[in-house]
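Me: I'm new to this one and would like to be walked through it. Can we take it piece by piece?

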Amino acid sequence: MPTKEVPPAVETVATLVPLKLLQPRPKELPGITYKITPTDQASLYITINDHVIDGIRKPFEIFINSKNIENYAWVVALTRVVSAIFRQGIDLTFLVEELSSVFDPRGGYWLPGGKYHASLVSEIGSCIEHHLIAIGLIKVDTTAVLRNKLIDKVAIICRKCQQKAVVVSGGCETCTACGYSKCE
Ligand SMILES: [Zn+2]
C-alpha cells in the first residue's frame with residue numbers, strides 16, 4: 001500500500017521568516033485616547049499612538065484599558081496583534097473591516113445618537129477607523145456601508161413594518177427602520 005510522503009519538518013521550519021519591526025519605537029509618540037461606553041459594561045479607554053514621519057502620522061501601537069477583568073485575556077491579545085499589524089505599515093482598511101464585522105451572538109447594542117455596534121470588538125474596530133480617518137490614513141464611509149451589510153445579515157423581519165431591520169439591542173428586539181421595540 002502506498003504511503004503518503006510527509007516532507008521533513010525541518011524544511012518547513014526553515015522557510016519561516018520572523019516578523020521584524022519596521023521602525024524602532026521612538027521615546028515619545030503623540031497619541032489620542034478615546035473613551036467607549038458599551039451599554040452593559042464599564043467604559044473602555046483606547047489609546048492609539050502614532051509615529052510621525054515627515055509630517056505624516058501612522059498608527060504605531062494601541063492600548064486598551066478595561067476595568068472588566070472578564071475582558072482581560074482577549075483585550076491583551078487584541079492590543080498585541082493590532083499593534084503588530086500597525087507596524088507593518090500596510091493598508092489598514094482590512095483590519096477595520098474584520099473587527100467591525102465581529103458580532104456578538106448575545107446581540108449588539110445601540111449608542112446614543114443612533115449608531116449600532118454588533119459587539120464590543122466591532123466598536124473597537126469603529127474606534128480605530130475613527131482614528132485612521134482623523135489622521136487621514138483612510139477615507140470615510142467604509143464602515144457605514146459595512147454596518148448596513150451587517151444589519152442586513154443579523155436582522156430579522158419586523159412584525160410592524162415588515163422590513164428586514166430588527167436587531168437585538170441591549171437584549172431587546174428593536175427595528176432600525178420604524179423604531180418598533182418588543183420591550184416597550
Ligand atoms: Zn419596523
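Below is a short chat about the model, going from the overall layout to single residues.

Me: Before we start, what kind of model is this, and how many helices and strands are in the protein chain?
Reply: It's a predicted model, so keep that in mind throughout. Starting at the N terminus, the elements go α-β-β-β-α-α-β-β-α-α-β-β-β. Count up the chain and you get five helices and eight strands.

Me: What share of the 184 residues is buried?
Reply: To count as buried here, a residue needs 20 or more other C-beta atoms within 10 Å of its own. In this chain of 184 residues, the buried share comes to 23%.

Me: Let's do sheets. In what order do strands 1, 2 and 3 sit?
Reply: These three make an open sheet with antiparallel pairing. Strand 1 and strand 3 are the edges, each pairing on one side only. From one strand to the next the twist averages 20°. The order is 1-2-3.

Me: How many bridges join strand 2 to strand 3?
Reply: Strand 2 covers residues 44–53 and strand 3 covers residues 56–66, and the two run antiparallel. They form a hairpin with two residues between them, and D54 in that turn has a positive phi of about 50°. Among the bridge pairs are I53 with I56 and V52 with R57. The bridges between strand 2 and strand 3 number ten.

Me: There's another sheet with strands 6, 7 and 8. Which strands are its edges?
Reply: This one is an open sheet too, in the order 6-7-8 and with antiparallel pairing. Strand 6 and strand 7 (residues 164–169) are joined by two bridges, and I156 has V166 as its bridge partner in strand 7. The strands that pair on one side only are strand 6 (156–157) and strand 8 (172–175).

Me: On to helices. Is helix 3 roughly parallel or antiparallel to helix 4?
Reply: The axes of helix 3 (residues 93–100) and helix 4 (residues 120–134) come within 7 Å of each other and cross at roughly 155°. Angles over 145 degrees count as roughly antiparallel. So helix 3 is, relative to helix 4, roughly antiparallel.

Me: And how do the residues of that contact divide into nonpolar, polar and charged?
Reply: Helix 3 brings L95, V96, L99 and S100 to the contact, while helix 4 brings residues including V121, I124, I128, E129 and L132. The crossing itself is left-handed. By type, the residues of this contact are seven nonpolar, four polar and one charged.

Me: I36 caught my eye. Is I36 buried, exposed or partly exposed?
Reply: I36 belongs to strand 1 (residues 31–36). Leaving out residues up to four places away in sequence, I36 touches S43, L44, I46, E123 and C127. C127 is 91 residues away along the chain, yet the C-alpha atoms of I36 and C127 are 8.2 Å apart. Since I36 has 19 other C-beta atoms within 10 Å, and buried takes 20 or more, I36 is partly exposed.

Me: Last one: how far apart are the C-alpha atoms of G89 and P59?
Reply: G89 sits in the loop between helix 2 (72–86) and helix 3. With 14 C-beta neighbours inside 10 Å, G89 is partly exposed. G89 and P59 are 30 residues apart along the chain, and their C-alpha atoms are separated by 8.6 Å.

Note on methods. Residues numbered from 1 in each chain as written. Predicted model: local features only at pLDDT ≥ 70, side-chain atom pairs only at ≥ 80, totals over all residues. Axes fitted to C-alpha atoms, helices over the stretch in contact; angles between N-to-C directions. Helix = DSSP H or I, 4+ residues; strand = E, 2+ residues; numbered from the N terminus. Parallel < 35°, antiparallel > 145°, perpendicular 65-115°, else oblique. Left-handed = near helix turned anticlockwise from the far one by under 90°. Contact = placed C-beta atoms within 7 Å. Nonpolar A, V, L, I, M, F, W, Y, C, P; charged D, E, K, R; others polar. Pairing = 2+ DSSP bridges. Buried ≥ 20, exposed ≤ 12 C-beta atoms within 10 Å, placed from the backbone.
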